[in-house]
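Colleague: Could you take me through one part of this model, close up? I would like to follow the ligand surroundings and then the strands.

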Amino acid sequence: MRDATLCHLVTDDETLLIHKKRGVGSDRYVGPGGKVEPGETPSECVVREVEEEVGVRVHDPEKVGEFEYYSEDWDALVHVYRATEYEGTPSESDEAIPEWFPVGDLPFGEMWATDRDWLPTVLDGGTFRGRFVYHEGDPRVVELETGVRVD
Ligand SMILES: Nc1nc2c([nH]c(=O)n2[C@H]2C[C@H](O)[C@@H](COP(=O)(O)OP(=O)(O)OP(=O)(O)O)O2)c(=O)[nH]1
């Protein structure tokens, strides 16, 4: 199972999403993130990916969740982080266009369907663990627990 990361950067009442220009999830809004490289820890990966995709450096991202997903041709374990402190101004890269959204008004219609099941918990400071299955590109929840310990 390959490892990947996602980062949800949260300020007082907004969160940063990206519109990916290519790769998994392109044309959807997602948190910045990507594949964990050999020799790298997930927390090193999330800092590197955020910097590569939107040009800001997050400080002390905290792991707040994880989900495993299975699809016809691959599976992955995604480590989800929340960060509140960062340096720099989000800017467009060749991979992504960053955009801030009010935490109470997220573009769920243009996100992975299962994000609406766990993202509000994360933005609210909670934790979760999930297991999803993707069928023809559409994920559905098989199992989801909140308020769990993740590390
Ligand atoms: N929000 C959300 N993100 C997801 C879901 N499934 C899923 O893989 N992702 C994220 C986790 C990773 O950040 C990314 C997939 O990793 P990837 O490494 O294949 O994507 P990438 O094209 O950005 O690759 P990379 O070269 O930047 O490493 O998509 C999902 O259901 N919801």
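Modeller: Happy to; here is the ligand shell, followed by one tyrosine and one sheet. Residues are numbered from 1 along each chain as its sequence is written. This is a predicted model, so local features need pLDDT of at least 70 and side-chain atom pairs count only at pLDDT 80 or more, while totals for chains, interfaces and linings use all residues.

Around the ligand sit 19 residues, each with its C-beta atom, placed from the backbone, within 6 Å of the ligand. Gly-23, Gly-33, Gly-34, Lys-35 and Trp-112 are the closest. At least two shell residues come from each of strand S1 (2–9), strand S4 (33–35) and strand S7 (75–83); strands here are DSSP runs (E, at least two residues), numbered from the N terminus.

Now to Tyr-86, which lies in strand S8 (residues 85–87). Tyr-86 is partly exposed because 19 other C-beta atoms lie within 10 Å (buried means 20 or more, exposed 12 or fewer, partly exposed in between, with C-beta atoms placed from the backbone). Leaving out residues up to four places away in sequence, Tyr-86 touches Leu-9, Val-56, Arg-57, Val-58 and His-59, contact meaning C-beta atoms, placed from the backbone, within 7 Å.

Finally, an open antiparallel sheet has three strands in the order S3-S2-S9, where pairing needs at least two DSSP bridges between two strands. Strand S3 (29–30) and strand S9 (96–102) are its edges, each pairing on one side only. Strand S2 (residues 14–20) is joined to S9 by seven bridges, and Glu-14 has Pro-102 as its bridge partner in S9.

Methods
Helices (H or I, at least four residues) and strands (E, at least two) are DSSP runs, numbered from the N terminus. Two residues are in contact if their C-beta atoms, placed from the backbone, lie within 7 Å.
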